[in-house]
Protein chains: 2
Amino acid sequence: MKFITRDSDYALRALCYIASNREVVKVDELVANLGVPRPFMRKILQKLNKSGILGSTKGQHGGFRLKRPAAAVSVFGIMRIFQGKPELSSCFLKKEVCPERPHCALRKKLCLIEKGVFRQLKEINIASLIKAGRA
Amino acid sequence: MKFITRDSDYALRALCYIASNREVVKVDELVANLGVPRPFMRKILQKLNKSGILGSTKGQHGGFRLKRPAAAVSVFGIMRIFQGKPELSSCFLKKEVCPERPHCALRKKLCLIEKGVFRQLKEINIASLIKAGRA
DNA sequence: ACAAATGATACTATATTAGTATCATTTGTC
DNA sequence: GACAAATGATACTAATATAGTATCATTTGT
Ligand code: FES
Ligand code: FES
């Protein structure tokens, strides 16, 4: 079972790289340093741009830059962008909304777990990752 | 993002049904009551049998029966059977074992979260689900 | 012998994830 | 203004995982 997908993973690496190096970083530099396929990396960065995490400038001295403080970019936020809202508690029996939802014991318990996981994922951010990585 | 897959979900429903009804239950009865496609249900039950959660008898009065007390069958155990060990903390950069594993900050944090989730998933079991469902 | 159950296994379909390819647009430099 | 060097947008393909089906073999009670 995978919890973090590759695009989230690569996105986090790219963000850490950008945050701990220059202001503006080009795709090619990221590719060279992270070993991610170039077109895939581009796709990921463009998505981060659209989501407001990164800003970009085109042209000769263009590239990507962090648009927010590193501490304000959480792992939870990145996962939501690439994987949608992690939903630990889904019911499969019917296609419409499950009629038993309000009473479902399993769902209730999973929701509790979910809350805790989300809270923890929100606490991990680019700044804390960089700091922990250096220690 | 899905956390529990259908087979795990259906397995849990089947187990709850068996545990809260007769000793021995046939596939057809489960299918009739749970609305799961018969061949899929069979596949799931056979896997539960192989895993030692259920026992089975063939022939005319055959069927499936719980092989352990309901309280000893955890959601965690079922998920492991159908989804493999949930691995919140995987690294994608290389195909071999990641050389940075011992130092990786993200992985360390995810491992902590993982531990908590596992503990909680182990605490939820068929007996507690049935009890909570009746309340 | 036969019917009614499960066991084993192989196959197909659908959805998600991972990755590629291409052309358009912006921007600095000559 | 032409051109090179960057990103933007979009559409496509490949690989993998999930969901489900189909079939034949084996066991067991009557
Ligand atoms: S939400 Fe549908 S049975 Fe739990
Ligand atoms: S970078 Fe490989 S385990 Fe985190």
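**Close-up 1. Polar contacts between the protein and DNA strand C in the predicted model.** A polar atom in the side chain of B:Asn49 sits 2.3 Å from a phosphate oxygen of DNA strand C, and a polar side-chain atom of B:Ser56 is placed 2.5 Å from a phosphate oxygen of that strand. Chain A takes part as well, since a side-chain N or O atom of A:Arg6 lies 3.1 Å from a phosphate oxygen of DNA strand C. Two or more residues of the surface near DNA strand C come from each of helix 1 and helix 3 of chain A, and likewise from helix 3, strand 1 (54-57) and strand 2 (63-66) of chain B.

**Close-up 2. The protein surface around DNA strand C.** DNA strand C is surrounded by 28 residues, of which A:Phe40, A:Lys43, B:Lys26, B:Asn49 and B:Ser56 come nearest. Of the atoms of DNA strand C that come within 4 Å of the protein, 63% belong to sugar and phosphate. Helix 3 of chain B provides the largest share of this surface, with 5 residues, and by class the surface comprises 6 nonpolar, 11 polar and 11 charged residues.

**Close-up 3. Contacts of chain A with DNA strand D.** A polar side-chain atom of A:Asn49 is found 2.3 Å from a phosphate oxygen of DNA strand D, while the backbone of A:Val27 places an N or O atom 3.0 Å from a phosphate oxygen of the strand. At A:Gly59, a backbone N or O atom lies 3.4 Å from a sugar or linking oxygen of DNA strand D.

**Close-up 4. The protein surface around DNA strand D.** The 28 residues that surround DNA strand D include A:Lys26, A:Asn49, A:Ser56, B:Phe40 and B:Lys43 as the closest. Sugar or phosphate accounts for 65% of the atoms of DNA strand D within 4 Å of the protein, and bases make up the rest. At least two residues of this surface are supplied by each of helix 3 (38-50), strand 1 (54-57) and strand 2 (63-66) of chain A, and by each of helix 1 (6-20) and helix 3 (38-50) of chain B; helix 3 of chain A gives the most, with 5 residues. The surface near DNA strand D holds 6 nonpolar, 11 polar and 11 charged residues.

**Close-up 5. Helix 5 of chain B and its packing.** The end C-alpha atoms of helix 5 (residues 105-123) of chain B are 28 Å apart, which agrees with the 27 Å that its 19 residues should span at 1.5 Å a residue. Among the buried residues of this helix are B:Leu106, B:Leu110, B:Ile113, B:Val117, B:Phe118 and B:Leu121. The buried residues of helix 5 of chain B pack against helix 1 (6-20), helix 4 (75-83), helix 5 (105-123) and helix 6 (126-134) of chain A, and also against helix 4 (75-83) of chain B.

How values were computed:
Residues are numbered from 1 along each chain as its sequence is written. Chains are lettered from A and ligands numbered from 1 in the order in which they are written. This is a predicted model: local features need pLDDT of at least 70, side-chain atom pairs count only at pLDDT 80 or more; totals for chains, interfaces and linings use all residues. Side-chain values use heavy atoms; hydrogens and water are left out. Helices (H or I, at least four residues) and strands (E, at least two) are DSSP runs, numbered from the N terminus. The expected span of a helix is 1.5 Å times one less than its number of residues. Buried means under 20% relative accessible area, exposed over 50%, partly exposed in between (1.4 Å probe, protein chains only). Contact means heavy atoms within 4.5 Å. A residue is near a molecule or strand if one of its heavy atoms lies within 4 Å of it. A polar contact is a pair of N or O atoms within 3.5 Å; within protein, one must be able to donate a hydrogen and the other to accept it, and residues adjacent in sequence count only if both atoms are side-chain atoms. Ala, Val, Leu, Ile, Met, Phe, Trp, Tyr, Cys and Pro count as nonpolar, Asp, Glu, Lys and Arg as charged, and the others, Gly among them, as polar.
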